[in-house]
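Subject: Structure handover

Hi,

Here is the structure you were waiting for, with my notes below it. Have it open while you read, and shout if anything is unclear.

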Amino acid sequence: MKKLLTLVILFASSFSNTAPIWAEFQIEVDDPIKAASIAAATDRYMKSDFVKNNFNGSVHLNVYVSNGENPATHSLVWLFPSMSDASIFQTKSLDPTNRASQEFFSALSQNSKATSDLMHTYITNWGNSSNDDRVWEIHNFYATDAGKVVNLTNKMMESMDDFPGQLGLSQNTYGNGDTSHAFTVGFESIEEMEGWQDKLATDPVFSKWLVDMGEVVEWKGSELVVNAAVYDSALTLEEFVQ
């Protein structure tokens, strides 16, 4: 976790970027008692005076439903209005005299194994942005023409008036290996997601989009996560994507 915070600071010093970012800290937890300890530690940290007085983003504690060969079972996703906001908060978090942060980091290290640190810059979104979405598909890919990805998706989404969720596009800034971007698709429930997937299975517009996208992207795998807890009193998801 501290490694991710340090890298955010380094990136903030290298880039002038006012776009919103989200940073992922993926962890492997090997028993339910440890998972409960992490949930409790996260709750204490987010309710601490330090976070209340210094944090202007939001945190999602996620549980993986499916993520292929990735050994992670959980992730902490930190959403910030900009890289600068992330750097300011995370510099304060790394202060060795900051007791709230030290206790939080200690609980993470004692109850989990870090698997990866990822950073993303949010680019644009389609559909209905909603704070109520709790189920998320993440589709990673490598794009040879990011502009065409946006144009193709714009065209497809023009015919998707009944899409019940939200679709976001992010650039994978750090730690994502051979991927360059990710689509994030949010739904309120598994049932809503499955209903939409059933529709797409026979939708000719979606089928054409897949074919056209195949000319400019290489798909790199998908993940399914559920929000176990969301702390968004300082920055809601709807505010983040605006």
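Let me start with a quick one: is glutamate 188 buried, partly exposed or exposed? Glutamate 188 is partly exposed, because its relative accessible area is 45%, and the bounds for that class are 20% and 50%. Before you read too much into any of this, keep in mind that the model is predicted.

On where to find it: glutamate 188 sits in the loop that links strand S7 (181-187) to helix H7 (190-200). It also belongs to a surface patch of negative charge, which brings together Asp132, Glu188, Glu238 and Glu239.

Now follow the chain past H7. The loop between H7 and helix H8 (204-213) holds another acidic residue, aspartate 203. Aspartate 203 has a relative accessible area of 9%, so it is buried. What does its side chain reach at 2.8 Å? That would be the backbone nitrogen of valine 205. A polar atom of the aspartate 203 side chain also lies 3.2 Å from the backbone nitrogen of phenylalanine 206.

On to the salt bridges. How many does the structure hold? There are eight, and I'll take you through some of them.

- Lysine 47 pairs with aspartate 43, with 3.0 Å between the closest N and O atoms. Aspartate 43 comes out as partly exposed, since its relative accessible area is 24%.

- Arginine 99 pairs with glutamate 103, and here the closest N and O atoms are 2.9 Å apart. Both residues are in helix H5 (residues 99-111); they are four residues apart, so about one helical turn separates them. Arginine 99 is exposed because its relative accessible area is 64%, while glutamate 103 is partly exposed at 47% relative accessibility.

- Lysine 220 and glutamate 218 meet through their side chains in a salt bridge of 3.1 Å, N to O. Glutamate 218 has a relative accessible area of 46%, so it is partly exposed, and lysine 220 is partly exposed too, at 29% relative accessibility. This pair is part of a network: salt bridges with shared partners join Asp178, Glu218 and Lys220.

Two more spots to click on while you have the viewer open.

Alanine 39 is in helix H2 (residues 32-46). With a relative accessible area of 31%, alanine 39 is partly exposed. How far apart in space are alanine 39 and alanine 107? Their C-alpha atoms are 9.8 Å apart, and in sequence the two residues are 68 residues apart.

Then there is arginine 134, in the loop between strand S4 (113-127) and strand S5 (135-143). Arginine 134 counts as partly exposed, because its relative accessibility is 29%. From the C-alpha atom of arginine 134 to that of glycine 57 is 17 Å, and the two are 77 residues apart along the chain.

If you only have a minute, I'd look at the two acidic residues from the start: glutamate 188, partly exposed and in the negative patch, and aspartate 203, buried and with its side chain reaching the backbone nitrogen of valine 205.

Cheers

Key:
Residues numbered from 1 in each chain as written. Predicted model: local features only at pLDDT ≥ 70, side-chain atom pairs only at ≥ 80, totals over all residues. Heavy atoms only, no water. Patch = residues over 30% accessible without salt bridge, like charges linked within 9 Å, V, L, I, M, F, W, Y side chains within 5 Å. Areas by Shrake-Rupley, 256 points an atom, 1.4 Å probe, with all protein chains shown as cover. Salt bridge = Lys/Arg side-chain N within 4 Å of Asp/Glu carboxyl O. Lys, Arg positive; Asp, Glu negative; His and termini not counted. Charge placed at Lys NZ, Arg CZ, Asp CG, Glu CD. Helix = DSSP H or I, 4+ residues; strand = E, 2+ residues; numbered from the N terminus. Buried < 20%, exposed > 50% of the residue type's maximum accessible area, 1.4 Å probe, protein only. Polar contact = N/O pair within 3.5 Å; in protein donor to acceptor, adjacent residues only side chain to side chain.
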